[in-house]
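Hi,

Here is the structure I said I would pass on. Have a look at it first, and then read my notes below.

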Amino acid sequence: MPNIKSQKDRVVQSKKEAMHNKAIKSNLKTVVKKADAAISAGAADKDAAVKAAVSAIDKAASKGVIHKNTASRKASRLAKAANKAAE
């Protein structure tokens, strides 16, 4: 445990930030899984699910929770799967 006041504050801040990032990542995984399930099931609302997933991916990247290249890769794979299912 730190003795310096500023370091005590940083411990609190880093815990808060970690919880925030974890919540965003958890939601991201949920939305992407729903989109994958909609694509594989051929659901009528798969386009909406993919759009919501890409939006969540972009938001996570803009907040710095995931790297921009990771976000691009995930969005690309979702779009590719959706287009393949549409054929």
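**A lysine at the start of α2**

Lys46 sits in helix α2, which covers residues 46–62. Before I go on, please keep in mind that this is a predicted model. What caught my eye is that Lys46 is buried and still has no salt bridge. The nearest side chain of opposite charge belongs to Asp47, and that one is 5.5 Å away. A salt bridge here needs a side-chain nitrogen within 4 Å of a carboxyl oxygen, so you can see where that leaves the lysine.

So what does Lys46 touch, once its neighbours within four places in sequence are left aside? The contacts are Ala38, Ile39, Ala82, Ala85 and Ala86. If you want to place these on the helices, α1 runs over 5–41 and α3 over 68–86.

**The salt bridge**

How many salt bridges does the structure hold? Just one. It joins the side chains of Asp9 and Lys5, with 3.6 Å from N to O. Both residues are in helix α1, and because they are four residues apart there, about one helical turn separates them. As for cover, Asp9 is partly exposed, with a relative accessible area of 36%, while Lys5 counts as exposed at 62%.

**The positive patch**

The other thing to look at is on the surface. Lys22, Lys25, Lys29, Lys33, Arg73, Lys74, Arg77, Lys80 and Lys84 form a positive patch there. The elements that give two or more residues to the patch are α1 (5–41) and α3 (68–86). Which of them gives the largest share? That is α3, with five residues.

Here are three members of the patch that I went through one by one:

- Lys22 belongs to helix α1 and is exposed, at 64% relative accessibility. From Lys22 to Ala71 is 49 residues in sequence and 16 Å in space, C-alpha to C-alpha.
- Lys74 is in helix α3. Its relative accessibility is 36%, so Lys74 counts as partly exposed.
- Lys84 is in helix α3 as well, and counts as exposed with 65% relative accessibility. Lys84 and Ser55 lie 29 residues apart along the sequence, and their C-alpha atoms are 20 Å apart.

**Two serines**

I also checked a serine in each of two helices. Ser14 is part of helix α1 and is partly exposed, at 40% relative accessibility. Its C-alpha atom is 32 Å from that of Leu78, and the two residues are 64 apart along the chain.

Ser76 is in helix α3. Is Ser76 buried, partly exposed or exposed? At 44% relative accessibility it counts as partly exposed. Between Ser76 and Val54 there are 8.9 Å in space, C-alpha to C-alpha, for a separation of 22 residues in sequence.

**Where to look again**

If you only have a few minutes, I would start with Lys46, which is buried without a salt bridge, and then turn to the positive patch, where α3 gives five residues. After that, the pair Asp9 and Lys5 is worth a glance, with its salt bridge at 3.6 Å.

Let me know what you make of it.

Cheers

Key: Residues numbered from 1 in each chain as written. Predicted model: local features only at pLDDT ≥ 70, side-chain atom pairs only at ≥ 80, totals over all residues. Heavy atoms only, no water. Patch = residues over 30% accessible without salt bridge, like charges linked within 9 Å, V, L, I, M, F, W, Y side chains within 5 Å. Areas by Shrake-Rupley, 256 points an atom, 1.4 Å probe, with all protein chains shown as cover. Lys, Arg positive; Asp, Glu negative; His and termini not counted. Charge placed at Lys NZ, Arg CZ, Asp CG, Glu CD. Buried < 20%, exposed > 50% of the residue type's maximum accessible area, 1.4 Å probe, protein only. Contact = heavy atoms within 4.5 Å.
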